[in-house]
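Open your viewer and keep the selection box at hand. Here is a short tour, one stop at a time.

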Amino acid sequence: MPSQPLDQATFANSFVEELRGETNPDPGSRQVPGYAYSRVTPTPVAAPHLLAWSDDLGHFLGLVRPPERGPAVDALAGNLVTETMKPFAARYAGHQFGNWAGQLGDGRAMSLGELTATDGSRWELQLKGAGPTPYSRRADGRAVLRSSLREFLCSEAMHYLGVPTTRALSLVGTGDEVVRDMFYNGNQRPEPGAIVARVAPTFVRFGNFQIFAASGEMENLRALADYVIRHHYPELGEPGPAVYVTWFEEVCRRTAVMVAHWMSVGFVHGVMNTDNMSILGLTIDYGPYGWLEPYDPGWTPNTTDFGYRRYAFGQQPQVALWNLARLAEALSLLVAEPNDLRAGFGRYTETLAGTRYRLMLDKLGLSHLAPEEDGKLINDLLKALEAAGADMTIFFRQLSHVAPSLLVAEPGVEEARFTELLAAAAYTPLPSPAYTPLLAWLPRYLARLRQETAAPEHIKTGMLAANPKYVLRNYLAQNAIQAAEKGDLTYLNRLMESLKTPYAEQPEFEEFAAKRPDWAWDMPGCATLSCSS
Ligand code: AMP
Ligand code: MG
């Protein structure tokens, strides 16, 4: 299939055609009982212009990179709705911070339809920030550049790290201003507006099922489950009560794999409400997310969550399980014996533990030799890292270089190398008692590594492939935003390039592997983020 411009692509519309939607064109906020979605029309923006484009994804979707302005960019901004697009906003509900919030829905996201990729697979294209929908709850349906740029960069960064995620195709500036009170302190200010076009097989969330269960819409509940299974879990067979049970188990498994990856790379989602949980086990809705710099399970970037830290890094495994329990409640209406769904929870717990363990062995260059001893070694490492407050990414990356080389080094150099390693990852000056546990752990680990039979070079290659050098540090995203707001896209483009091969050395991008600088400790957008977007 030759590449074509987006405005000439043919869209399929399975969601709209197979599920029940309302066609009322009124964009006013309202409850939409009885429907899975509302047909909507994007509200045009003043001057759409392309700010960023994901070349690999575009290529996969058979799309040519558009020029800065023109029909393809108009389509990416909602200014052009082509003949085969049938834009819709999905209706969903959710538990926000543990509380039932009722109907939420796509308040600013609109799906245009599905594109067929070069391999024949179908991908929904969704604009975020394309104007009000019935689910906008009186908000403006828009998005600002800073949050859109963060979503664009992070979804692609996660993909290249190997974390299950929705993708981002483009970032388009709208030429309009959007007024936001970034710190929720009464200081509103106009900011540049933007629209991200995001891509996933489907954007259905746990909350899409919850709303039907909560309002007793059994037909809609079953139809949505059948739609998701037929299109996205076809290997499970024809939908029915028994298949709903195995399907839930599979959703649990995928969610566990996703969370295990988050824990392995130090990603904090920040708002794990049930409306932000993908039914495909993909990371979805990048808002006030953050990346661990000092290793700290209690850390969250989300200022709204500073009171309870419900969505802090170390809470993520159990919060995902809590969310799965809410999904199970909704699906229980579809199965003969609701208790059968419990198997999914077991599957979640097992998969999470197994995947985290496997990912951690990879990070440490260890094979499955001594499960009991290694389990303890891993736990002690995490405790020691927390005590040290060392930079998670730098620690593991440096370890990948240092530890295998010590297997073949002259005796006596270990202590010096370990101290260098800690200095590279440290935020508190050495020496300090904070590093005692980590300094005690390193020789223990080295002794364990000596039991491995693989060649040190081979171990090193494996560890470098498991420990990224480049992650989207919060301050890097902030630098990209500040430059982009001034009209300079070079930083964004270079950063994006570095994140495409996060496990490669790429010395030309060394600056993006640097520890959090002093200025970024208290800077909003770097250490703290509000939900304002
Ligand atoms: P989020 O916190 O981004 O997951 O959003 C929670 C809910 O608020 C979703 O239903 C969003 O669609 C909605 N929402 C967030 N921002 C806006 C906005 N600017 N306009 C309309 N709806 C919004
Ligand atoms: Mg959301």
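Start at the segment after α16, where you can select Gln506; helices (H or I, at least four residues) and strands (E, at least two) are DSSP runs, numbered from the N terminus. The phi of Gln506 is near 45 degrees, a positive value in a residue that is not glycine. At 11% relative accessibility, Gln506 counts as buried (buried is under 20% relative accessible area, exposed over 50%, partly exposed in between, with a 1.4 Å probe and protein chains only).

A word on what you are looking at: this is a predicted model, in which local features need pLDDT of at least 70, side-chain atom pairs count only at pLDDT 80 or more, and totals for chains, interfaces and linings use all residues. Residues are numbered from 1 along each chain as its sequence is written, chains are lettered from A and ligands numbered from 1 in the order in which they are written, and side-chain values use heavy atoms, with hydrogens and water left out.

Now step back to helix α16 itself, residues 490–500. Its buried residues are Tyr491, Leu492, Leu495, Met496, Ser498, Leu499 and Lys500. What do they pack against? Colour β3 (49–53), α4 (145–161), β9 (167–180) and α15 (474–485) to see the partners; contact here means heavy atoms within 4.5 Å.

Follow β9 into the loop that leads to β10 (189–200), and pick Tyr184 there. Tyr184 has a positive phi of about 50 degrees although it is not a glycine. Most residues other than glycine have a negative phi, and most peptide bonds are trans. For a cis peptide bond, go to the step from Leu430 to Pro431, with omega near -10 degrees. Pro431 sits in the loop between α12 (414–425) and α13.

Helix α13 (residues 436–449) holds the next stop, Pro437. Pro437 is partly exposed, with a relative accessible area of 37%. Leaving aside neighbours within four places in sequence, Pro437 is in contact with Ala384 and Ala387. Measure from Pro437 to Lys383, C-alpha to C-alpha: the two are 54 residues apart in sequence and 8.1 Å apart in space.

Next, select Glu293, in the loop between β12 (290–291) and α8 (316–331). Is Glu293 buried or exposed? With a relative accessible area of 2%, Glu293 is buried. Its side chain makes a polar contact with the side chain of Arg473, at 3.2 Å (a pair of N or O atoms within 3.5 Å; within protein, one must be able to donate a hydrogen and the other to accept it, and residues adjacent in sequence count only if both atoms are side-chain atoms). Not counting residues up to four places away in sequence, Glu293 also touches several others, including Tyr427 and Arg516.

For the wider view, colour domain 1 (6–203), domain 2 (209–361) and domain 3 (365–533); the bounds come from an automatic or database domain assignment. The centres of domain 1 and domain 2, taken over C-alpha atoms, are 22 Å apart. Their contact takes 39 residues from domain 1 and 40 residues from domain 2.

Where does ligand 1 lie? Both domain 1 and domain 2 give residues to its shell, so ligand 1 lies between them. Zoom in on Arg137, where a polar side-chain atom is 2.6 Å from an oxygen atom of ligand 1. Finish at Arg180, whose polar side-chain atom lies 3.2 Å from a nitrogen atom of ligand 1.
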